[in-house]
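Reader: I have a model open and would like to learn how to read it, one feature at a time. Could you walk me through it?

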Amino acid sequence: MDDRRITPSRWYYVLATLVFVAGWLIFARLLDKNMSGTQAGLQRLVAPGETELNLSEPGNYTIFYESQSVIGGRVYATSESTPGIVCVVVSKVSNSKVPILPPKMDSAYKYRGRSGKSIFEFIVNQPGIYKMSAEYRSGQQGPKVVLAIG
């Protein structure tokens, strides 16, 4: 009886390593591309202030407070603690206020110089243009901060 062991060539180990590394590189690229698309889909507002939101689909929308952000080449770096901001969203078609609620789920992100966490959410039943304003609670003053909506 022959007791020789049959082992694969070293080239199989090299090939397996290359396939493994290629798989991780593809995964990382797809993840980066997906995160870029998510960030690009957010509409931003410098608060206190107001903006028009073009909400193309009915559903849940989240308002994020970005403690680190960049808008128009200007860098915003504010406290990580949530400021006392009050948000109002109004439909331009019906002129009715959309209820603003605490988020059902806490979510946060850090990506390419932006850092945000969920502070509010709202639900729209009809796609369209909505006016959003954000101000500090009455009598309060504070720095300009960035809110991202998506």
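Author: Gladly! Keep in mind that this is a predicted model. Let's start with one residue, Ile71, which is found in strand E3.

Reader: Is Ile71 buried, partly exposed or exposed, and why does it get that label?

Author: The label depends on relative accessible area: under 20% is buried, over 50% is exposed, and values in between are partly exposed. Ile71 has a relative accessible area of 27%, so it is partly exposed.

Reader: Which residues is Ile71 in contact with, once its neighbours within four places in sequence are left aside?

Author: They are Arg44, Val46, Tyr76 and Val146. You can also compare positions by C-alpha atoms: those of Ile71 and Leu45 are separated by 9.0 Å, with their positions 26 residues apart along the chain.

Reader: Let me try a loop residue. Where is Pro48 found?

Author: Pro48 sits in the loop between E1 and E2. Pro48 is partly exposed, with a relative accessible area of 27%. Not counting residues up to four places away in sequence, Pro48 touches Ala134, Glu135, Tyr136, Pro143 and Lys144. Pro48 and Ser133 are 85 residues apart in sequence, yet their C-alpha atoms are 7.6 Å apart in space.

Reader: How would I see that sort of thing for the whole chain?

Author: Take the contacts with a separation of 6 or more and ask how many span a long stretch of sequence. In the protein chain, residues 24 or more positions apart account for 75% of them.

Reader: And what is the secondary structure of the protein chain?

Author: One helix and eleven strands. Read along the sequence, the pattern is α-β-β-β-β-β-β-β-β-β-β-β. Buried residues make up 31% of the 150 residues.

Reader: How do I read the way strands are arranged in a sheet?

Author: Follow which strand pairs with which. Here, four strands form an open sheet in the order E2-E10-E5-E6, with antiparallel pairing. Its edge strands are E2 and E6 (97–98), each of which pairs on one side only.

Reader: How many bridges join E5 to E10?

Author: Seven, and the two strands run antiparallel. On the other side, E5 and E6 pair in the antiparallel sense over two bridges. Val89 lets you see both pairings: its bridge partner in E10 is Met132, and its partner in E6 is Val98.

Reader: What should I look for in the hairpin of E5 and E6?

Author: Look at the turn. There are five residues between the strands, and Asn95 takes a positive phi near 60°. E5 itself is mostly covered, with five of its seven residues buried.

Reader: Why is E9 described as largely enclosed by the rest of the structure?

Author: Count its buried residues: they are eight of the eleven in E9, so the strand is largely enclosed.

Reader: Which strands does E9 pair with?

Author: Among them is E3, which pairs with E9 in the antiparallel sense over nine bridges; Asn60 has Ile123 as its bridge partner in E9. Strand E7 (residues 100–101) is joined to E9 by two bridges and runs antiparallel to it, and there Leu101 is partnered with Glu121. Strand E8 (residues 108–111) is also antiparallel to E9, with four bridges, and the partner of Ala108 in E9 is Lys117.

Reader: Which residues touch the most other members of the largest nonpolar core?

Author: This core has 22 residues, and the ones touching the most other members are Ile63, Ile85, Cys87, Phe122, Met132 and Leu147. The strands that each supply at least two residues of the core include E3 (59–71), E5 (85–91), E9 (114–124) and E10 (128–136). For a closer look, pick Leu147: leaving aside neighbours within four places in sequence, its contacts include Ile63, Ile85, Cys87 and Met132.

Reader: And what about the outside? Which residues make the nonpolar surface patch of about 460 Å²?

Author: Phe20, Val21, Trp24 and Leu25 make that patch. Val21 lies in helix H1 (residues 10–40), and with a relative accessible area of 43% Val21 is partly exposed. For the protein chain as a whole, about 10,400 Å² is exposed, and carbon and sulfur atoms supply 58% of it.

How values were computed
Residues are numbered from 1 along each chain as its sequence is written. This is a predicted model: local features need pLDDT of at least 70, side-chain atom pairs count only at pLDDT 80 or more; totals for chains, interfaces and linings use all residues. Side-chain values use heavy atoms; hydrogens and water are left out. Patches are made of residues with over 30% relative accessible area and no salt bridge: like charges are joined within 9 Å, nonpolar side chains (Val, Leu, Ile, Met, Phe, Trp, Tyr) within 5 Å. Accessible areas come from the Shrake-Rupley method with a 1.4 Å probe; for residues, only the protein chains shown count as cover. A salt bridge is a side-chain nitrogen of Lys or Arg within 4 Å of a carboxyl oxygen of Asp or Glu. Buried means under 20% relative accessible area, exposed over 50%, partly exposed in between (1.4 Å probe, protein chains only). A nonpolar core is a set of buried Ala, Val, Leu, Ile, Met, Phe, Trp, Tyr and Cys residues joined through side-chain atoms within 4.5 Å. Contact means heavy atoms within 4.5 Å. Two strands pair if DSSP finds at least two bridges between them.
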